[in-house]
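I opened this entry to note what I looked up in the structure, place by place. The notes follow the order in which I went through it.

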Amino acid sequence: MKKTVMISLLVGASLFAADYSGVIEKPNASKIIKDDLLAKATVYAMPEGCITTDKDAIARGAYIFHNLNSKQAGQKPPKGIDIKDSDTKQYGNCVACHNIEKAQGGGNIGPDLTRYKAMFMDSGVRDHQFVFQKIADPRIDNQNTHMTINLTTKLFTTKEICEITSYVISTK
Amino acid sequence: MKGTIKIVLSLTLLWSLSFASEQFSMSDADREMYAEMLEDNPADIMVGNGSELLEEYCGGDAGLAEFLNVSEDELPAYIAGFPRYLKDFKQVVALDQVLQALMSKNGHKPFALKSSDMFDMGAYAKSIANGEKIQIDVDANKHIKESYELGKLTFEQKRGSRGLSCLSCHSSQVIGSVLRTQPLPDLSAKGNAPAATWPAYRMTKSSLRTLQRRFQGCMNNALLAVIPLGSPEMVGLEVYLTQEAKGFEIAIPGLKR
C-alpha cells in the first residue's frame, strides 16, 4: 500500500515536472556546418602556361573579378563562359573588397589593385606565383586573412584562377 | 497593449545617413524614405499584431510573466536577459522558443520559428523590454557558457564556397570599410548593437525580420550554408552577439536598410 502511494507520487511528479524541450523547435545544424567547413590551407604551383596575355582569357578573368554571379551580372559573358539560364554560376565578386580599373562600387576591405602591374609586378615586390597563390588560397601567405578562398573551396578551377591572375597583373 | 511602442531611431540608420557620397548604397531617394519611416516605422503595425497574438495564445504580458515565474513588473528586465538557460527546457533558449512552449502549454500548436506570426509576436514580446539595457549573463551557468562558446566558434569559423566567416566582415579591423557600396557595421554596443535593435523593419525586404533571420541573410549572401532558426548554433550566435551588445538599450522595432 505504502509502496503504491509512493510510486504514484513519483509518477505524478514526473508527469507534472515541466519539460518543454520536446515542444520547441531546436533543429540540428552541426552536420550542415561540418559539411561546409574548409579543407586545410593548401599550397598550389602554377601550371605551365598559366599566366597569359591572351585577350579572351583576360576578358574572362575580368568578368569573374567584377561580377557576383551569373544571375546578377549586367553584361553578357565574354567568349568561353557559357552558362545555362537555369544555372547560377558564382563569380569572384572581387570588387566587393578591392578597387581596380573601371570598378563600379569597389570596396576597400582589401588593398586597391589599381595599377597593380606597375606598382607591384614591375617593381619586383610581387611575382606571378605570389598572386596566383593569393587568389587560390590566401591563408598560405596570411593565416588570418579576411580574403575569400577560391581554389581550395573549388569555387573556381585552376584554369579560372590563372585567368583571374592574368587579369590582375595585366596592363589595363 | 502595455506601454507605447517606441519608434526607434536605429543607429544603423543614422550611420548610413551620414554617408552622402555616390560610392554608397543609399540614394537620396532612399534617404528621404528613411526619414519618413523614422516618423512612422512600418513595423509598428506588425508589433501591434504581435501584441494581439500574445494576448490570444499566451495570455498577454501577464501570461508570459507567470510562465517565466516573474512578476509583471520584473518582466521587462527579465526579457532583457535573454537568451538564457531555463531548467524546464533543459537548454539555453531564445525568447521565440519560450513563446512556442507557452503556446503549447495553453493547448495551441506553436507558430513555426520562421513564420511571420512568430516574428510579430516575438517582436512584441521583446519590445516589452524597450528602454531596458541588455543584461545577458554568460557566466550564469555552464550551459550559457557553452552556448556562448559555440556562438563564438560559429562566428569565427570559415566555411562555404568562399571560405568566409562572420568575422571576415565583422571583425574590429574591418568595421567601417566598404563592401561593395555597403559600410560594414559594428555589431557591438559601441556600434549598432543588433541584439538590441532586432527584430527590425528591413527596408530592402519590406518586412519585419528577426536577428536570427538576419544571420541567415548574411550566410546566404556570403555563400555559407544557411543553418536553421532555433538550432544550438543559431541560439549560440544570438548569445554571442547579445553579449557584444551588453548594456545597450533595447529599442524594438528597429529600422534597417
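**Notebook: chain B**

I began with B:Arg31, whose place is in helix 2 (residues 28–39) of chain B; helices (H or I, at least four residues) and strands (E, at least two) are DSSP runs, numbered from the N terminus. This is a predicted model, in which local features need pLDDT of at least 70 and side-chain atom pairs count only at pLDDT 80 or more, while totals for chains, interfaces and linings use all residues. I kept in mind that residues are numbered from 1 along each chain as its sequence is written, that chains are lettered from A and ligands numbered from 1 in the order in which they are written, and that side-chain values use heavy atoms, with hydrogens and water left out.

Is B:Arg31 buried or exposed? I found B:Arg31 buried, with a relative accessible area of 12%, where buried means under 20% relative accessible area, exposed over 50% and partly exposed in between (1.4 Å probe, protein chains only). I then looked from B:Arg31 to B:Lys126, 95 residues apart along the chain, and noted 28 Å between their C-alpha atoms.

**Helices 6 and 7**

B:Lys126 belongs to helix 7 of chain B, and is one of the residues there that meet helix 6 of chain B. I noted that the axes of helix 6 (residues 95–105) and helix 7 (residues 116–127) of chain B come within 10 Å and cross at roughly 110°; axes are lines fitted to C-alpha atoms, for helices over the stretch in contact, and angles run from 0 to 180 degrees between N-to-C directions. Helix 6 and helix 7 of chain B are therefore roughly perpendicular to each other, the term for 65 to 115 degrees.

From helix 6 of chain B, I listed B:Leu95, B:Asp96, B:Leu99, B:Gln100 and B:Met103 as meeting residues of helix 7, among them B:Met121, with contact meaning heavy atoms within 4.5 Å.

**Core and domains**

B:Met121 also appears among the residues with the most contacts inside the largest nonpolar core, which has 77 residues; such a core is a set of buried Ala, Val, Leu, Ile, Met, Phe, Trp, Tyr and Cys residues joined through side-chain atoms within 4.5 Å. Domain 1 (2–18 + 136–256) and domain 2 (43–127) of chain B both give residues to this core, so it lies between them; the bounds come from an automatic or database domain assignment.

Finally, I noted that 26 residues of domain 1 of chain B are in contact with 26 residues of domain 2 of chain B.

Technical notes
Parallel < 35°, antiparallel > 145°, perpendicular 65-115°, else oblique.
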